[in-house]
Amino acid sequence: MTGATGGLREFGDGPLSRAAATVHTLLVVELLLLVSVLPGLAVLVLLDRDSSNLPLVAAAALPLGPAVSAALHTLRHQRPDLTDLRPAATFRRAYRTNLPGVLRVWAPTLLWLAVIAVNLAYLPAAAVPGWWAVPLVVVGAGVILVGVNALVIVSLFTFRTRDVLRLALYYVARKPGVTVGNVALLAAAAGVTAVFSEAVLALLAALLVLALLRIGNPMIDEIRAEFTA
């Protein structure tokens, strides 16, 4: 096939092939994400919406971090060539490689959120002034935003855990566009869950991870330029 400039275009190099490669990668990543989080997702779907189940919700969400991390890595390194696609192998390799680092940032994030959520749920029963909810919500929002940044960073770079957390906190303020985008994405995810269910959100998981990756690109590019050789 000959391109507009007169050069030869290989099969799998055109726009339709690149689009097909992206769709194929998204479908494979979606399937692997679902398989990876299925035990926790089953627990979340079956749990009653009761504040006493908040610790179980946090435990059920533990598999989500490594799965999203592997998906982020796979989508970031997806091959545009339709004839050279290995998203499943990339996902599995990223899952194994990133697992220890991801758990070191994801597990504490869930623990913090569980503690904050339980305190908010039982604030009236503890006879604590209602205004205490405000700082708890602020701290919770900060933990979520730092946790999201940390998950993206640890998925794509090899840093010490403390450096991952420092960078994640730094870029919450350094890249307000990324922070606002993450807030909007998390709000959309929460809305889908509230209106429908966790199962519907899971079916959109690959697209949400792709959106998270696109939103985080300014942060990712700057980290690559300033903190890696």
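Is Arg-174 buried, exposed or partly exposed, and what is its relative accessible area? In this predicted model, Arg-174 is partly exposed, with a relative accessible area of 41%.

The side chain of Arg-174 takes part in a salt bridge with Glu-222, in which the closest N and O atoms are 2.9 Å apart. This pair connects distant parts of the chain, since Arg-174 belongs to helix α6 and Glu-222 to helix α10 (residues 217-227), with their positions 48 residues apart. Glu-222 counts as buried, because its relative accessibility of 10% falls under the 20% limit. Glu-222 also forms a salt bridge with Lys-175, again with closest N and O atoms 2.9 Å apart. Here too distant parts of the chain are linked: Lys-175 is located in the loop between α6 and α7, 47 residues from Glu-222 in helix α10. Glu-222 thus has a salt bridge to Arg-174 and another to Lys-175.

A further salt bridge is found within helix α6 (residues 161-174), where Asp-163 and Arg-166 lie three residues apart, about one turn of the helix. The N to O distance between these two side chains is 3.5 Å. Arg-166 is exposed, as its relative accessible area of 54% is over the 50% limit. Through shared partners, salt bridges join Arg-160, Asp-163 and Arg-166 into one network. In total, the structure contains five salt bridges.

Turning to aromatic contacts, the structure holds four aromatic pairs. One of them involves Trp-131 and Trp-132, whose ring centres are 5.1 Å apart and whose planes meet at 20°; the pair is therefore stacked, the angle being under 30 degrees. The two residues fall into separate accessibility classes: Trp-131 counts as exposed at 57% relative accessibility, while Trp-132 counts as partly exposed at 41%.

A buried position is provided by Thr-74, which has a relative accessible area of 2% and is found in helix α3. With residues up to four places away in sequence left out, Thr-74 touches Thr-25, Val-29, Pro-87, Thr-90 and Phe-91.

The largest pocket has a volume of about 1700 Å³. Its lining comprises 49 residues, and those nearest the pocket centre are Ala-61, Leu-64, Trp-106, Leu-186 and Leu-201. By class, 37 of the lining residues are nonpolar, eight are polar and four are charged. Several helices contribute to this lining: α1 (15-46), α2 (54-60), α3 (64-76), α4 (87-121), α5 (133-156), α7 (176-195), α8 (198-203) and α9 (205-215) each supply at least two residues. The largest share comes from α4, which provides nine residues of the lining. Helix α3, one of the contributors to the pocket lining, is also the helix in which Thr-74 is found.

Definitions and conventions. Residues are numbered from 1 along each chain as its sequence is written. This is a predicted model: local features need pLDDT of at least 70, side-chain atom pairs count only at pLDDT 80 or more; totals for chains, interfaces and linings use all residues. Side-chain values use heavy atoms; hydrogens and water are left out. On a 1 Å grid over the protein atoms alone, a cavity is a set of points where a 1.4 Å probe fits but cannot get out, and a pocket is an open set with protein on both sides within 12 Å along at least five of seven lines; lining residues have an atom within 4 Å of a point. Grid points are joined across faces, edges and corners, and a volume is the space filled by probe spheres set on the points. Helices (H or I, at least four residues) and strands (E, at least two) are DSSP runs, numbered from the N terminus. Ala, Val, Leu, Ile, Met, Phe, Trp, Tyr, Cys and Pro count as nonpolar, Asp, Glu, Lys and Arg as charged, and the others, Gly among them, as polar. Rings of Phe, Tyr and Trp (its six-membered ring) pair if their centres lie within 6.5 Å; planes under 30 degrees apart count as stacked, over 60 as edge-to-face and the rest as tilted. Buried means under 20% relative accessible area, exposed over 50%, partly exposed in between (1.4 Å probe, protein chains only). Contact means heavy atoms within 4.5 Å. A salt bridge is a side-chain nitrogen of Lys or Arg within 4 Å of a carboxyl oxygen of Asp or Glu.
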